[in-house]
Amino acid sequence: MAWVSAHLTVLAFWVFAGVAIVSATMCVTRRNPVASALWLVVTLFQLAALFVVLDAQFLAVLQVLVYAGAIMVLFLFVIMLLNLGQGGPHDFKSAIGLGVGAVLAVLLLLQLSVLRHLEPPAAIALPPGAMAAQQARDGLVGTVARPLFDAYLIPFEITSLLLLAAIVGAVVLAMRKL
Amino acid sequence: MLLGPSLAVSAVLFTIGVAGVLVRRNAIVIFMCVELMLNAVNLTFVAFAQRLGVAGQIFVFFVMAVAAAEAAVGLAIVLAIYRHRETVDLGNINLLKG
């Protein structure tokens with residue numbers, strides 16, 4: 001039974017990962033900004049599913065609420081406000097720009113491909129299943145919340161300061177006479 | 001489990017985001033590509049959190065807060081630029097070009 005469930009997990013992982021990569025490609029290549037935004041929403045949902053596969057259920061919920069919900073609505077709202085529903089003729093760079101971009105992207109992918117063989121040092125790595133055991137003990141939210149309000153309390157409070165600064169900045173930038 | 005595949009998927013998503021920033025000219029689409037890059041990094045954090053403890057998940061929490069702030073300010077900047085120049089095409093915004 002455990003064997004079947006482990007294989008189903010791996011299968012689910014690759015399905016979600018495949019859809020995420022395809023929809024991310026669609027997001028980058030669509031001319032219409034609204035289509036781009038909606039493909040990005042698909043990618044974000046797939047990432048939320050991947051978070052569930054990787055034992056981060058609370059973050060998966062946050063991903064759907066904050067990213068796919070709030071942030072993408074903000075993007076769509078601005079697209080609507082500026083009436084950018086039609087892609088323009090100059091949405092992509094010229095042939096030279098496309099070529100340079102493709103070459104740089106391939107180089108970056110080659111550099112990042114070493115990550116595939118990365119293993120955390122055995123001295124600090126947790127045994128397999130440690131995260132699931134901790135979640136069974138503290139609860140899905142408690143696993144994240146306990147350290148967040150304990151060891152990471154000051155960074156958490158500074159985050160509120162950052163958000164306040166962002167609100168003030170956005171209001172100032174949106175004022176008519178700038 | 002699944003650490004290597006997660007990092008590979010994250011690398012591919014990050015590269016797609018970088019390619020988008022390099023080849024697109026629409027400021028809003030470039031912003032969306034930046035969000036895609038942030039999400040690829042989040043996937044790396046979550047994958048490592050499974051092996052190295054919950055701190056990685058807490059970092060994702062902070063990355064989400066920073067991304068929300070960045071989106072709010074960035075889109076306000078796009079709106080301000082649009083009011084000045086009637087376009088969000090970055091090819092036309094070349095004040096700093098030598």
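In chain A of this predicted model, residues 24 or more positions apart account for 54% of the contacts with a separation of 6 or more. Buried residues make up 21% of the 178 residues in this chain.

The secondary structure of chain A consists of seven helices and zero strands, giving the pattern α-α-α-α-α-α-α along the sequence. The radius of gyration of chain A is 21 Å, well over the 16 Å that the globule rule gives for 178 residues, so the chain is more spread out than a compact globule. Taken along the principal axes, the C-alpha atoms of chain A fill a box of roughly 55 × 40 × 30 Å.

**Helix packing**

Three helix pairs, two within a chain and one between chains, are set out below.

| Helix pair | Angle between axes | Axis separation |
|---|---|---|
| α1(A), residues 2–29, and α2(A), residues 33–53 | about 160° | 8 Å |
| α1(A) and α1(B), residues 3–23 | roughly 5° | within 9 Å |
| α2(B) and α3(B), residues 55–85 | about 175° | 9 Å |

Helix α1 of chain A packs against α2 of chain A at an angle of about 160°. Because angles over 145 degrees count as roughly antiparallel, α1(A) is roughly antiparallel to α2(A). The crossing of α1(A) past α2(A) is left-handed. On the α1(A) side, the contact includes A:Phe13, A:Phe16, A:Val19, A:Met26 and A:Cys27, while α2(A) contributes residues including A:Trp39, A:Leu40, A:Leu47, A:Leu50 and A:Val53. The residues of this contact divide into 16 nonpolar, five polar and no charged.

Helix α1 of chain A also meets a helix of the other chain: its axis and that of α1(B) come within 9 Å and cross at roughly 5°. That angle makes α1(A) roughly parallel to α1(B). The residues in contact are A:Phe13, A:Ala17, A:Ala20, A:Ile21, A:Ala24, A:Thr25 and A:Val28 of α1(A), and B:Pro5, B:Val9, B:Val12, B:Leu13, B:Ile16, B:Ala19 and B:Gly20 of α1(B). By class, this contact has 12 nonpolar, two polar and no charged residues.

Within chain B, helices α2 and α3 pack at an angle of about 175° and are therefore roughly antiparallel to each other. Among the residues that meet are B:Phe31, B:Leu38, B:Phe45 and B:Phe48 in α2(B), and B:Phe59, B:Val60, B:Val63 and B:Val78 in α3(B). The contact of α2(B) with α3(B) has 15 nonpolar, four polar and one charged residues.

**The interface between the chains**

The contact between chains A and B takes 73 residues from chain A and 63 residues from chain B. On the side of chain A that touches chain B, α1, α2, α3 (57–81), α4 (95–112), α5 (130–138), α6 (140–148) and α7 (153–174) each supply at least two residues. By class, that side of chain A has 56 nonpolar, 13 polar and four charged residues.

**Residue B:Gln50**

B:Gln50 lies in helix α2 of chain B, which spans residues 27–52. This residue is buried, because 25 other C-beta atoms lie within 10 Å and the cut-off is 20 or more. Leaving aside neighbours within four places in sequence, B:Gln50 is in contact with A:Leu54, A:Asp55 and A:Met131. The C-alpha atoms of B:Gln50 and B:Leu2 are separated by 9.5 Å, although the two residues are 48 residues apart along the chain.

Note on methods. Residues numbered from 1 in each chain as written. Chains lettered and ligands numbered in written order. Predicted model: local features only at pLDDT ≥ 70, side-chain atom pairs only at ≥ 80, totals over all residues. Axes fitted to C-alpha atoms, helices over the stretch in contact; angles between N-to-C directions. Helix = DSSP H or I, 4+ residues; strand = E, 2+ residues; numbered from the N terminus. Parallel < 35°, antiparallel > 145°, perpendicular 65-115°, else oblique. Left-handed = near helix turned anticlockwise from the far one by under 90°. Contact = placed C-beta atoms within 7 Å. Nonpolar A, V, L, I, M, F, W, Y, C, P; charged D, E, K, R; others polar. Rg over C-alpha atoms; globule rule 2.2 N^0.38 Å. Buried ≥ 20, exposed ≤ 12 C-beta atoms within 10 Å, placed from the backbone.
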